[in-house]
Amino acid sequence: MTDDDRPVELIAALRAADAVRFGEFELSHGGTSDYYVDKYLFETDPDCLGLIADAFADRLADTDATLAGVALGAVPLVAVTADRLGRPYVIARKQAKEYGTGNRIEGRLEAGEEVVVLEDIATTGQSAVDAVEALREAGAVVDRVLVVVDREEGATERLAEHDIELESLLTASALLADRDTDA
């Protein structure tokens with residue numbers, strides 16, 4: 001399969017998993033939208049998960065960076081992608097645990113280590129920024145975030161303000177391009 005075929009195949013898989021829904025939805029940042037991409041449906045569907053992991057692995061072939069997943073949503077994505085690449089990964093929590101080790105970053109991470117963050121959906125990009133900041137505080141070098149779907153609502157710009165490149169497998173424009181013919 002070529003890189004040109006991946007977006008078409010991934011869009012078809014997301015739709016087959018019923019992960020793209022239309023209606024009135026409240027988003028995590030408090031805004032509303034007339035469509036919703038249900039990450040839990042696409043992350044628990046083996047076809048979608050495999051396609052996403054393969055696409056992420058292809059994009060990461062040029063680096064030996066450690067992978068990081070943003071908890072909770074990106075944990076399945078980072079786990080399967082790390083397995084495909086034979087690499088370790090870490091998990092960036094939204095906040096430190098209040099028990100046990102009290103870690104915000106789970107897994108082994110060395111100071112100066114290059115890390116690429118994997119994320120499910122980017123809207124404002126704030127959760128990715130928070131994860132990158134936590135990883136940087138732990139000593140990692142992070143300048144790249146890979147996301148399944150960029151909703152094109154400011155995430156690219158917000159991450160750029162923190163010297164982070166956002167790269168997406170799909171954009172909302174591509175995902176919704178033939179929406180009127182599907183309705």
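## A guided tour, starting at the sheet

Begin with the open sheet, whose six strands follow the order β5-β4-β3-β6-β7-β8 with mixed pairing. At its edges you will find β5 (105-106) and β8 (165-171), each of which pairs on one side only. Keep in mind as you go that this is a predicted model.

**Stop 1: inside the sheet.** Select residues 66-70 and 114-122. These are strands β3 and β6, and they pair in the parallel sense over four bridges. For a single position to look at, pick threonine 66, which stands opposite valine 115 in β6.

Now add residues 75-85, helix α4, which packs on the sheet. Helix α4 touches β3, β4 (89-92), β6 and β7 (141-150). Compare directions while both elements are on screen: that of α4 makes about 165 degrees with that of β3.

**Stop 2: the loop between β3 and α4.** Select leucine 72, which lies in this loop. Then look at the peptide bond that leads from alanine 71 to leucine 72: it is cis, with omega near -5 degrees.

**Stop 3: the hairpin.** Move to residues 20-26, strand β1, which runs antiparallel to β2 and is joined to it by five bridges. Click on phenylalanine 22 and then on tyrosine 35, its bridge partner in β2. Five residues lie between the two strands of this hairpin, and glycine 30 takes a positive phi near 100 degrees.

Just before leaving, step back to aspartate 18, in the loop between α1 (5-16) and β1. Aspartate 18 also has a positive phi, of about 60 degrees, although it is not a glycine.

**Stop 4: the largest pocket.** Which residues should you select to find its centre? Try Ser28, Lys39, Asp120, Ile121 and Thr123, which lie nearest to the centre among the 28 residues of the lining. The volume of this pocket is about 480 Å³.

Colour the lining by element next. At least two residues each come from β2 (32-37), β6, α5 (126-137) and β7. Strand β6 gives the most, with four residues. If you colour by class instead, the lining shows 14 nonpolar, eight polar and six charged residues.

**Last stop: the whole chain.** Zoom out and show the cartoon: the secondary structure of the protein chain comes to eight helices and eight strands. The radius of gyration is 16 Å, close to the 16 Å that the globule rule gives for 183 residues, so the chain is as compact as a globular protein of that length. If you draw a box along the principal axes, the C-alpha atoms fill roughly 50 × 40 × 30 Å.

Terms used: Residues numbered from 1 in each chain as written. Predicted model: local features only at pLDDT ≥ 70, side-chain atom pairs only at ≥ 80, totals over all residues. Heavy atoms only, no water. Pairing = 2+ DSSP bridges. Contact = heavy atoms within 4.5 Å. Axes fitted to C-alpha atoms, helices over the stretch in contact; angles between N-to-C directions. 1 Å grid on protein atoms, 1.4 Å probe; cavity = no way out; pocket = protein on both sides within 12 Å on 5 of 7 lines; lining within 4 Å. Points joined across faces, edges and corners; volume = space filled by probe spheres on them. Nonpolar A, V, L, I, M, F, W, Y, C, P; charged D, E, K, R; others polar. Rg over C-alpha atoms; globule rule 2.2 N^0.38 Å.
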